[in-house]
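Please open the model in a viewer, with the sequence panel at hand. The tour below proceeds from the whole chain to selected sites.

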Amino acid sequence: MDFTNPLIYGVPCFLGLILVELTYSKHSDHDHIYNWKDLAASLTMGVGSTLIAPLIKTITVILLFSWVYELFNPMVDGVRQNIMGWESFGYAWYVWILCQIADDFSYYWFHRQNHMVRFFWAAHIVHHSSDNFNLGTAVRNGWFTIFYKPLFYVWIVAIGFPPEMLVVCLGIEALWQFQLHSQYVPKLGVIDKVFNTHTMHQVHHARNLEYMDKNHGGFLNIFDRVFGTFKELDEDIDIEYGVTHAPNSYNPLIILTHEYKDIWNDTKKSPKFRDKWMYIFGPPGWSHDGSTLTIKQQRRQLREAYRLEQLELELAE
């Protein structure tokens, strides 16, 4: 059964919505939301990603998803059977829902590892590198995540979901993620209890220490809640968007590659193989001499400083 990737229809909508938000922001009190040079850089990277994606996705579907699906779900007496013993899944409505949930689970771990593994972060930092949060930022995508992202999803076709179903679910996920990049949508009450919403994604794009590495979910927030990465927006905190080590450039090539350059330079700081490995595959901010800290280390340091401060106040009393 053939299906059309919803992103084919989504891309024109993306451009239209960006234009609407841009026009509104420039004719209201929110002029700061868009920066022309930053928007041009985001759109350039979005166009590049759009040009690369069809080729990679075609290879992914044909050579990976389809191959794995056939390998783990062979035809037996005219019926496709999973090697674990059950019949491979069809196209019933509830199978679509299950596939979308499986997609969201994979998206959570793919997205979280993009923040936990520095080599992945080097590709993903492109999306976070803008200090603006708007629909233009939504298309500010790196060109290299496409190469390893399918590895986080291949298990879905292995257990019996059709590859074309997964591709549609991936498209729906991308559509939801796009529209989250707006500051104009407030908290949504009961909807916030289940779905990953706009204010939650504002938290995700913030460089405030209390917000960093939070809210990795796709369209649901249950996996953030279960695995301890959920954080609500505190409206009393002024959000600072972007990253702590920004590229400080509007040049798309610099934005795409600056973190790889930093990784290379960091690997030369220590002769030990383990240290070099950690600079590449450890968490962002890790250093062999403590000159830079990971987010967890910074939070631990802050908690310790607060504990000592409270202890000193108690002793002073």
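Begin with the whole chain: of the 317 residues of the protein chain, 45% count as buried, where buried means under 20% relative accessible area, exposed over 50% and partly exposed in between, with a 1.4 Å probe and protein chains only. The model is a predicted one, in which local features need pLDDT of at least 70 and side-chain atom pairs count only at pLDDT 80 or more, while totals for chains, interfaces and linings use all residues. Residues are numbered from 1 along each chain as its sequence is written, and side-chain values use heavy atoms, with hydrogens and water left out.

**Overall form**

Colour the model by secondary structure. The protein chain has 13 helices and 2 strands; these are DSSP runs numbered from the N terminus, helices being H or I of at least four residues and strands E of at least two. Along its principal axes, the C-alpha trace spans about 80 × 55 × 40 Å. The radius of gyration is 22 Å, which agrees with the value near 20 Å for a compact globule of 317 residues. That radius is taken over C-alpha atoms, and the globule rule is 2.2 Å times the number of residues to the power 0.38.

**Aromatic pairs**

Next, display the side chains of Phe, Tyr and Trp. Their rings, with the six-membered ring used for Trp, pair if the centres lie within 6.5 Å; planes under 30 degrees apart count as stacked, over 60 as edge-to-face and the rest as tilted. The count comes to 22 aromatic pairs by this rule.

Select W109 and F227. Their ring centres are 4.9 Å apart and their planes stand at 65°, so the pair is edge-to-face. W109 lies in helix α3 (residues 93-116) and F227 in the loop between α10 (222-226) and α11 (252-267), so the pair ties together parts that are 118 residues apart in sequence. W109 counts as partly exposed at 24% relative accessibility, and F227 is likewise partly exposed at 33%.

Move on to W176 and F195, a pair that is tilted because the ring centres are 5.8 Å apart and the planes are at 40°. This pair links distant parts of the chain, with W176 in helix α8 (residues 163-179) and F195 in the loop between α8 and α9 (198-204), 19 residues apart. W176 is partly exposed, with a relative accessible area of 29%, and F195 is partly exposed at 31%.

Return to W109 and extend the selection to F105, Y108, W155, F223 and F227: together with W109, these residues form one aromatic cluster. Then select R225 and F230. The charged end of R225 sits over the ring of F230, 4.0 Å from its centre; the criterion is that NZ of Lys or CZ of Arg is within 6 Å of the ring centre and within 35 degrees of the ring normal.

**Two residues with positive phi**

Which residues should be selected in the loop between α9 and α10? D213 is found in that loop and has a positive phi of about 60° although it is not a glycine. N215 lies in the loop between α9 and α10 as well, and its phi is also positive, near 60°. Most residues other than glycine have a negative phi. D213 counts as buried at 17% relative accessibility, and N215 is buried with a relative accessible area of 1%.

**The second largest pocket**

Keep D213 selected and add P284, G285, T294 and I295: of the 38 residues that line the second largest pocket, these five are the closest to its centre. The volume of this pocket is about 810 Å³. A pocket is an open set of points on a 1 Å grid over the protein atoms alone, with protein on both sides within 12 Å along at least five of seven lines, and lining residues have an atom within 4 Å of a point. Points are joined across faces, edges and corners, and a volume is the space filled by probe spheres set on them.

Highlight α3, α4 (118-128), α11 and α13 (295-316), each of which supplies at least two residues of the lining. The most come from α13, with 5 residues.

**A last stop**

Finally, select H32, in the loop between α1 (7-26) and α2 (36-72). H32 is exposed, with a relative accessible area of 56%. N132 is 100 residues from H32 in sequence and 8.2 Å from H32 in space, C-alpha to C-alpha.

Notes
On a 1 Å grid over the protein atoms alone, a cavity is a set of points where a 1.4 Å probe fits but cannot get out, and a pocket is an open set with protein on both sides within 12 Å along at least five of seven lines; lining residues have an atom within 4 Å of a point.
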